[in-house]
Amino acid sequence: MSAKVVEILSSEDLRRTLTRLASQIVEKSRDLSQLVLVGIYTRGVLLAELLARQIETLEGVNVAVGALDITFYRDDLDKIGLRTPAKTNIPFDLTGKTVVLVDDVIFKGRTIRAALNAVTEYGRPEVIRLAVLVDRGHREVPIHPDFIGKQLPTAKEEIVKVYLQDWDDRDAVELMAANN
């Protein structure tokens, strides 16, 4: 069985999508001085940094960015296997802040559920919102993103891969489907 790869977002599509997401985050945030972006390792952190740069370009406001590892908050480690945790880096109190969690792909919702638990260790935010580059459906928990770059209905066995220049040497989103 070979995998068929379909490009969902090109480098240019990705750039436009991030600009739109940044604009939506700005529009929904009352006070940009209270806005923080918290990326979920690995590509969520890179996306949070890209969104912060775009918000600074659009609004001239420097938005704080944190990095969150949710490994020890997961309820499905037995299914996904052991992994080496990354270092959470949230060097600021989240109390009273508008926190936007950022991830590359939302699928079952378990990563976000774990992230919500982890965030509470860093303060009590005013509000927590969720921004994802790709929403592929198939939720197992009642979580819905506030900001979605691309709605992409998929089959459960398909794989969505996000490639980002700073990590993968290219920008793209691809769907990998098995051929029968």
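Me: Helices here are DSSP runs of type H or I with at least four residues, strands are runs of type E with at least two, and both are numbered from the N terminus; which of these elements each supply at least two residues of the lining of the largest cavity?
Reply: In this predicted model, the elements that pass that count are H1, H2, S4 and S5. The largest share, 3 residues, comes from S5, and with S5 running over residues 127-135, the lining members Ala131, Val132 and Leu133 can be placed in that strand.

Me: What makes the space lined by Leu18, Leu21, Leu47, Leu51, Val102, Asp103, Ala131, Val132 and Leu133 a cavity?
Reply: The term applies because a 1.4 Å probe fits at its points but cannot get out. The structure holds 1 cavity of 30 Å³ or more, and the largest cavity has a volume of about 40 Å³.

Me: How do you know how the lining of the largest cavity divides by class?
Reply: Ala, Val and Leu count as nonpolar and Asp as charged, and the listed lining has Asp103 beside residues of those three nonpolar kinds. The division is therefore 8 nonpolar, no polar and 1 charged.

Me: What supplies the lining of the second largest pocket, and which element gives the largest share?
Reply: H1, helix H2 (43-59) and helix H5 (165-168) each supply at least two residues, and the largest share, 5 residues, comes from H1. The full lining consists of Ser11, Leu14, Arg15, Leu18, Thr19, Leu50, Arg53, Gln54, Leu164, Gln165, Asp166 and Asp171, around a space of about 240 Å³. By class this lining divides into 4 nonpolar, 4 polar and 4 charged. Leu18 of this pocket lining is also listed in the lining of the largest cavity.

Me: Why are strands S3 and S6 said to stand at the edges?
Reply: The 5 strands form an open sheet in the order S3-S2-S4-S5-S6, with parallel pairing. Strand S3 (64-68) and strand S6 (147-151) each have a single partner strand, so one side of each is left without a neighbour in the sheet. Neighbouring strands are turned by 25 degrees against each other on average, direction ignored.

Me: How do you know that S5 and S6 pair?
Reply: Two strands pair if at least two bridges are found between them, and S5 and S6 have 4 bridges in the parallel sense, so the condition is met. Within this region Ala131 stands opposite Phe147 in S6. Helix H1 (residues 11-28) packs on the sheet, touching strand S2 (35-40), strand S4 (98-106), S5 and S6, and its direction makes about 150 degrees with that of S6. Helix H4 (residues 110-119) packs on the sheet as well, touching S2, S3, S4 and S5, at about 155 degrees to the direction of S4.

Me: Why is Asp169 called exposed?
Reply: Exposed requires over 50% relative accessible area, and Asp169 has 65%, so the word applies. Asp169 is found in the loop between H5 and strand S8 (172-178), with a positive phi near 65 degrees in a residue other than glycine.

Me: Why does His138 count as partly exposed?
Reply: Buried means under 20% and exposed over 50%; His138, at 27% relative accessibility, lies in between and therefore counts as partly exposed. His138 sits in the loop between S5 and S6 and has a positive phi of about 70 degrees although it is not a glycine.

Notes: Residues are numbered from 1 along each chain as its sequence is written. This is a predicted model: local features need pLDDT of at least 70, side-chain atom pairs count only at pLDDT 80 or more; totals for chains, interfaces and linings use all residues. Side-chain values use heavy atoms; hydrogens and water are left out. Axes are lines fitted to C-alpha atoms, for helices over the stretch in contact, and angles run from 0 to 180 degrees between N-to-C directions. Contact means heavy atoms within 4.5 Å. On a 1 Å grid over the protein atoms alone, a cavity is a set of points where a 1.4 Å probe fits but cannot get out, and a pocket is an open set with protein on both sides within 12 Å along at least five of seven lines; lining residues have an atom within 4 Å of a point. Grid points are joined across faces, edges and corners, and a volume is the space filled by probe spheres set on the points. Buried means under 20% relative accessible area, exposed over 50%, partly exposed in between (1.4 Å probe, protein chains only).
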